[in-house]
Amino acid sequence: MGLLIKIAWRNIWRSRTRSLVVLGAISLGIWALIFLLSFSRGMVYNLIDNSIRREIGHLQLEHPDFQKQRDFRFYLEDADSLGTLMFRDPHVLAVSERVVALGMVSSAKGARGVRIWGIDPDRESGVSFIAEKVVEGDFLAPARNPILMSRRLADKLGLKMRSKAVLTFQDLEGNITAGAFRITGLFDSGTTPFDEGTVMVRREDILRLTGGDGQDIAQQIVAIIDDPDSVGVVRDHLAPLFPNASLKSYAEVAPEVALYESQIGLMNMIVITIFMLALIFGIINTMLMAVLERVRELGMLMAIGMNRRRVFLMVMLETLFLGVTAMPVGIGLVIVTLRIFEQTGIDLSIFSEGMREFGMSEVVYPDPIPSIYIQVAVAVFLTAFLGAIYPAWKAIRLKPVEALTKI
Amino acid sequence: MAVILTRDLYKTYNPDTIPVHALNGVSLSIEEGEFTAIVGPSGSGKTTLLNILGGLDSPTSGYVEVGGTDISQLSENELIDFRKNHIGFVFQSYNLIPVLTAYENVEFVMLLQGRPEKERKERTEALLAAVGLADHMDRRPSQLSGGQQQRVAVARALAPRPSFILADEPTANLDSHTSANLLDIMGKLNHEEKVTFIFSTHDSRVIERAHRVVTVEDGVIISDEGMKR
Ligand SMILES: Nc1ncnc2c1ncn2[C@@H]1O[C@H](COP(=O)(O)OP(=O)(O)OP(=O)(O)O)[C@@H](O)[C@H]1O
Ligand SMILES: [Mg+2]
């Protein structure tokens, strides 16, 4: 065995250039594979994180019917005490009670249908990142009917800071009502649909206008927890506390998240399989070449007494050595690259207009699954193993006499 | 006792298409310790005969006994083992494993046989010294001349203590001086190690050194002479 290892290892370096090319190709393949998977995972998590920090939070408590029909009248009573109850759980870091109404914002120039959030800015800033996205003015600081909207929407409506905007919406009785608000802040969330479709006012202001003055109601209570990976556990733990409301995790609120998380394993498998297919043909080709150009030598080895098992093993070992040598190179390379990009991120601002539509940040951080290295290592090893079988079989099919007389 | 015994060997290549009758009834007996040349014109069947004696090829009909074993009865895998333990080969070229040094090449078959380390070392060093390559043990074949490579091949063939050594035109790629030198070494080892040598050749100066000359033509033995020296 030691002898075979020695011969196999030295055989690799006989055609140095070819082996280096193959090693380079495998390493590069490993690098590209892991990097790409980590990058696309980073992109998806960026999307998910943005959506969590922008609006949906980790947990959402709503009136069961509000889920189906976004009607203002399906609200939660005693919202503050429900929020406090949620906040009491040690995993819950922040809670915000929101009044959510559908309505219209109008200016002298025009009008648009929007979703109106009535929020408490202090509580909301613990849950969403909108407070950090204010580009002008402030985040609903106390004033007379302040309103916060995106700069984009303000531009469309021809509004500026301190301009007046009129909100029209249903009150608790189902009657249309309106109120005049003054713009005290402009934000830019980075997501076009959200920016164009959401305005924010103080919760007490909208309650007063809808006839719920002094009442403690909210359509939505959003919470952020410490460990998003255990959101299901926290949800199951909290749900019994709210028998009359529906508590959902972000994965349930945004089904594409759940879809992605359940499909990521399959997707990786498919991409890895495609990679393996490409790799296996490369390996078969290389090793077949290595066998065919050594026909005489293999004939000689079998003539002087090297049995088929050993010849087979020798070719297998050569192939595995190629894979095993390329593996640490490729994985080392990708670890270094990922370290760098995990720090700096990948700047996609040239595509930023398109990405805004989906709510993705301009800078994406690759996010490797820890198990990816093992997965790819196993895949490469397996591929080398499978790719070696045919050339090795070819080698042992040689008849010594014929091989020796081959020109 | 005969190391090799053949009776009525026939070999026909391509029996179904254009048959070539390479051997047409060869009966030959080789005794232990012989130093025998198989000679004959090109295409006379020398290589065919040696391949059959070495268990690399099988006759179309006839009987081959090597060291008391009827090798026509052995399977392909048993033949490989048989060759490993009983037959040493020296080919015209491509004798050595290019990635191994002279030392490792000589040691190779002994390793396959599973001989102990100490024995391998002693024998490898002794044989390389006997073929005059004690100073070249760590060289790879590509760093040796053609004659030196053939000497390593002779040492490699002898190392596993085979019953006999088959050499098909071992000097074909060597100049006459180097050929003579190789034959001298083979003759010396035949004498010292008491090992049987059977080699084929075209070269009259090589033939001169044989103790017995078997002449083949058109697949039959036309003369078989012992040379007294
Ligand atoms: N594999 C083969 N298929 C068909 N014919 C063959 C094959 N090998 C040898 N022959 C034929 O068998 C005959 C004997 O060939 P062989 O190689 O044994 O001769 P040889 O005496 O060794 O010749 P040389 O001195 O040229 O090496 C020749 O006519 C040759 O063409
Ligand atoms: Mg020949």
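**Ligand 1 and the contact between chains B and A**

In this predicted model, the side chain of B:K46 places an N or O atom 2.7 Å from an oxygen atom of ligand 1. Two further side chains make approaches of this kind: a polar side-chain atom of B:T48 lies 2.5 Å from an oxygen atom of the ligand, and a polar side-chain atom of B:H202 is found 3.1 Å from an oxygen atom of ligand 1. Taken alone, ligand 1 exposes 630 Å², and 62% of that area is buried by the protein. The elements of chain B that contribute two or more residues to the surrounding shell are β2, covering residues 20–31, and α1, covering residues 46–53; the largest share, 3 residues, is that of α1(B). In total, 14 residues surround the ligand, the closest being B:S42, B:G43, B:K46, B:T47 and B:T48, and the shell divides by residue class into 8 polar, 4 nonpolar and 2 charged residues.

The size of an interface is often expressed as the accessible area lost when the parts come together. For chain B and chain A, the buried area amounts to about 2300 Å², with carbon and sulfur atoms giving 68% of it. On the side of chain B, B:I80, B:V99 and B:L112 together supply 24% of the area buried against chain A, which is more than any other three residues provide. Counted by residues, the contact involves 26 residues of chain B and 21 residues of chain A.

In chain A, helix α13 comprises 37 residues, from 308 to 344, and at 1.5 Å a residue should therefore span 54 Å, a value with which the 54 Å separation of its end C-alpha atoms agrees. Just after α13(A), A:G345 adopts a positive phi of about 75 degrees.

Conventions. Residues numbered from 1 in each chain as written. Chains lettered and ligands numbered in written order. Predicted model: local features only at pLDDT ≥ 70, side-chain atom pairs only at ≥ 80, totals over all residues. Heavy atoms only, no water. Near = heavy atom within 4 Å. Polar contact = N/O pair within 3.5 Å; in protein donor to acceptor, adjacent residues only side chain to side chain. Areas by Shrake-Rupley, 256 points an atom, 1.4 Å probe, with all protein chains shown as cover. Helix = DSSP H or I, 4+ residues; strand = E, 2+ residues; numbered from the N terminus. Nonpolar A, V, L, I, M, F, W, Y, C, P; charged D, E, K, R; others polar. Expected span 1.5 Å × (residues − 1). Contact = heavy atoms within 4.5 Å. Buried area = accessible area lost by both parts, 1.4 Å probe.
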